[in-house]
Each structure stands twice: as structure tokens, then as C-alpha cells.
Amino acid sequence: MNVKPVPTLDERINDIRMRTAEIVNEDILPNERRLWPSREGRELPERDRSEAHELRAQVQERVRKAGLWAPHLPTEYGGMGLDFLAHAYMNEVLAYAMGAAKLFGVVAPNSGNQKILVKYGTDEQKRKWLLPLVDGTMESGFSMTEPENAGSDPRSLTTTATRDGDHWVINGHKWFTSNGIDADFFIVMCRVVDGTGELGRSGQMAQIIVPTSVKGVNVVRGIGIWGRSSSDHCEVVYDDVRVPIENILGNVGDGHQAAQDRLGAGRVYHCMNSVGQMWRAFDLMVERATQREVHGGLLKDKQFIQGFIADSYQDIQAARLMTIHTAEKVDRNDVSARTDISAIKVFVPAAYERVVDRAIQVWGAAGITNDLPLAAMYQGARTLRLADGPDEVHRILIAKHVLHRYESGEGWDFGN
Ligand SMILES: Cc1cc2nc3c(=O)[nH]c(=O)nc-3n(C[C@H](O)[C@H](O)[C@H](O)COP(=O)(O)OP(=O)(O)OC[C@H]3O[C@@H](n4cnc5c(N)ncnc54)[C@H](O)[C@@H]3O)c2cc1C
């Protein structure tokens, strides 16, 4: 990956980017296949598995020593304590290598749960759930989406947490609870039924910590996706699950805000990840074009392929600059960043999909093999169009904000 200091960035952010790139280039990219050996339909030999485990631990150790561990967490919880912009700029570099985020201590959905626990957790909840998540002795999931109700409209959720003395009794049906196979606990989004009103108004949403070992938590299956027979995105039935009242995160009524906190500005990070992956796909495409001979000439000399390169260059530049512009607005607490967050949420995954699609085309059959990261990127890009709030919901929001300005007698100021 060719990363040089950016003249407009301060020294500190450039230093983080350069040191991240060093690890990506020296430790991760040359070892990608050994770090993440593919099963390809067969049981992975023990030798490959333990080699991968050891290699990952070595890279993680170097990341820790370089002070680049857990960019999303404050220093008191073992993270880098990065500000928003620095984190965004770091992400485009580390996302260049598939799976690198995990080697830098950022693993969804654990990372989102860690941030929720940092913000809403009591000291006791942090001790019991956050610290083990950070040191890797526990795994977690976030359980919000339900098969019977629209995930894009969280107000429609029907899972209930009914107060019974000093316990919540949870009943509901969720799916796409990621990391559900390995999780030790889930953070479950519930509608509260509590006549006492002690913790907030009955009927409102709350997020409640539910250990997966509690009776009544049934992980029904890892849902098959993209033609594979299974995944770690799980269907979960909560059947009269009893957890102590103090497992609530914040108060009754905080559930929606906590879900927003989790996604909200975090979409900027996801888009910077997409930019890093587009960058990788672009490099792969251009390098191949300079080497592959077809019909008596190199691909790079064919105008169709030059068109792919030019269009991809524009897609990446537009996606990156839009995302940085949004990150700067979020960083200075500009409320109009809401519109830009929605705009990048729609634009960037679509641009990512186009860039990867062209890279696959240039590589021919090799483009869809597991020998290259392109096929996985393609599925990832497509999935992003419906995760993090489907595109349509964000397009509605953009139009709503714009129309509101015009209806109140103002035009849109594209300079701000
Ligand atoms: C890989 C992956 C991982 C996930 N991980 C998690 C997880 O860990 N935890 C969790 O709780 N959930 C998770 N999800 C679920 C995800 O959050 C939901 O899929 C998403 O919120 C959309 O909800 P839905 O699938 O119910 O689609 P629906 O809400 O049913 O929407 C379906 C489609 O309707 C259209 N639509 C929606 N609203 C409008 C509108 N107002 N106007 C016009 N069209 C509209 C959109 O095209 C949308 O794609 C994951 C999903 C995926 C794919």
C-alpha cells in the first residue's frame, strides 16, 4: 500500500497512518493467506490453524507495542483514545488488508458493544462485561433485528422485557445477531413493560445485557447467507429469559439513543473502511492491467480497461473526499453532518461495489476465486447497502433535510 504523509494533516495523524501502513505492508499483506487460511469446503488442518493463531498473536503484539491497539476505545480501557478524525484517517489504511481491523483490536459487534458499555455502563457492568470484552476473554453480540418486523424501523420491534420484582423477563424472536455462535452475552433491544415506572416510562425501548448461558436463550441457527450453509449471524429465540434488573444499560427509554450512538457517526468509520478496501481493489485492478496480455497487447492499453481505471479513480476520490468532509463536520459538532452521514452511507458502498465489480472483470475468472479478496469485498459492498440502515431510509432523510431548508426560506449552502 502506497501511503505517504498527507500535507494538510497534522503530524500526529500522519504518524498514526504511516505506522499503521508499515504493519499492514510488512506483517499483514505478505501473510494474508496464512493469517486467514480458507477452509474451502474441508476441515482446516490443525497445523494451519495453529500457525494462523500464532501469526495473528504476533501481529497483535506488534500492534500493541506500536500503541495502535483499539483505536475506538479510551485509554483507560486499553485503547488509543483517538479523536474522531484521527480514527477515521487510520481506518482507510488498516482496512486495506482484509481482516486487519481484528488485528488492531476492532471487531464488530464487540467494538460497538464496547462503546455502548463505555457510555452507558455502570462501574459494575464495565467490570463484568466491558473489561473481559476488551482483553478478549469474552465475546458478545447485538440483538436488535427481528424477522417479523422491519429492522429499518426499530420502533416496530416487539421483543418485550417485563419487570417481575428485581428481574426482567424477556420474550422475543431476533435474527441476524452477529457473532451469535461464540457470544458469551448479547445486548438485547427490548420494549419494556414495567408498571412501576421506576426506571422510565413503560412501553419505551431499553438495551439489556443477557448472558447466553441463561435458561431460555435459544440460538436456533447460524443463518446461511450468500449461498453458504451457515454463518455467525444467528437466529435467537428468547423464551422467558430472566436477568437481574441491573442488567439494563442506562434507563428505560435510552434504547433508541444507544442504537443511534452505535451506528450514527460510526458510519463515517465504516465508509473509511470501504475507501481502504476500494483502494486495495483499485491497486489489484491496475497492477493486473499492466501485466495481463490479451489479444496481442496488455490490458492497460485497451480503452475499455482505461475507462475502468478512470471511472474507479473518480469513484474513490469522490467517496473519500465526501467521507472526509463528513468526518470534519462530525468532528466540529456541526448538526448538518446528519445529512452528510446519510449521503456517504448511500454513496460510498455503491461506489465500492462499482470499483470491485470492475476489478473482478479485469481479473476474469481469477476475480471470483478465493485467491483474491475481491469476491468477499463484492459481497461486503452489496451487504452494506442494506445494513447500517438501508439506502432508502437514508435517501429519505437527505431529501427531508434539504426540503426543510427550502421550506423555511433558505437554500442549501454546499460550501458548509
Ligand atoms: C451481514 C449483516 C449483519 C447484521 N448484523 C446485525 C446484528 O449484529 N444485530 C442486529 O440486530 N441486526 C443485524 N443486521 C440486521 C440489519 O440491521 C437489518 O437487516 C437492517 O436494519 C434492515 O432491516 P430488515 O432486514 O428487517 O429490512 P426491512 O426493514 O424489512 O427493509 C427491507 C427493505 O425495505 C426497503 N425500505 C425500508 N424502509 C423503506 C422506506 N421508508 N421507503 C422505501 N423503502 C424502504 C429497503 O430497500 C430495505 O432494504 C445485520 C444484517 C446483515 C445483512
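A residue is called buried in these legends if 20 or more other C-beta atoms lie within 10 Å of its own, exposed if 12 or fewer do, and partly exposed in between, with the C-beta atoms placed from the backbone. The structure is a predicted model, in which local features need pLDDT of at least 70 and side-chain atom pairs count only at pLDDT 80 or more, while totals for chains, interfaces and linings use all residues. Residues are numbered from 1 along each chain as its sequence is written.

**View 1. Strand β4 and its parallel partners.**
Helices (H or I, at least four residues) and strands (E, at least two) are DSSP runs, numbered from the N terminus. Strand β4 covers residues 185-193, and because 7 of its 9 residues are buried, the strand is largely enclosed by the rest of the structure. Two strands are taken to pair if DSSP finds at least two bridges between them. Strand β1 (residues 140-143) runs parallel to β4 and is joined to it by 4 bridges, with G141 opposite F186 and S143 opposite V188. Both faces of β1 are covered, since S140 and F142 on one side are buried, as are G141 and S143 on the other. Strand β2 (residues 160-164) is likewise parallel to β4, to which 3 bridges join it, and here T160 stands opposite R191.

**View 2. The antiparallel pair β4 and β5, with the loop that links them.**
Strand β5 (residues 205-211) pairs with β4 in the antiparallel sense over 7 bridges, and M189 of β4 stands opposite Q207 of β5. The loop between β4 and β5 holds G203, which is exposed, with 12 other C-beta atoms within 10 Å. Two residues are in contact if their C-beta atoms, placed from the backbone, lie within 7 Å. Leaving aside neighbours within four places in sequence, G203 is in contact with R191 and V192. G203 and E328 are separated by 125 residues in sequence and by 37 Å in space, C-alpha to C-alpha.

**View 3. Backbone features at A70, P109 and F176.**
A70, in the loop between α3 (46-65) and α4 (84-94), has a positive phi of about 50° although A70 is not a glycine. This alanine, A70, is buried, with 22 other C-beta atoms within 10 Å. F176, which lies in strand β3 (residues 167-178), also has a positive phi, of about 60°, without being a glycine, and F176 counts as buried with 21 C-beta neighbours inside 10 Å. The peptide bond from A108 to P109 is cis, with omega near 0°, and P109 has its place in the loop between α5 (100-103) and α6 (110-120).

**View 4. The packing of helices α11 and α13.**
Two packed helices are described by the angle between their axes and the distance between the axes. The axes used here are lines fitted to C-alpha atoms, for helices over the stretch in contact, and angles run from 0 to 180 degrees between N-to-C directions. Helix α11 (residues 337-363) and helix α13 (residues 391-407) pack at an angle of about 145°, and their axes are 9 Å apart. The crossing of α11 and α13 is left-handed, a term that applies if the near helix is turned anticlockwise from the far one by less than a right angle, whereas a clockwise turn is right-handed. On the α11 side the contact is made by R338, T339, S342, A343, K345 and V346, and on the α13 side by D391, H394, R395, L397, I398 and H401. By class, this contact of α11 with α13 has 4 nonpolar, 4 polar and 4 charged residues, where Ala, Val, Leu, Ile, Met, Phe, Trp, Tyr, Cys and Pro count as nonpolar, Asp, Glu, Lys and Arg as charged, and the others, Gly among them, as polar.

**View 5. G367 and the residues around it.**
G367 is found in the loop between α11 and α12 (374-384), and G367 is buried, with 22 other C-beta atoms within 10 Å. Not counting residues up to four places away in sequence, G367 touches A359, I360, Q361, L372 and L374. G367 and A289 are 78 residues apart in sequence and 13 Å apart in space, C-alpha to C-alpha.
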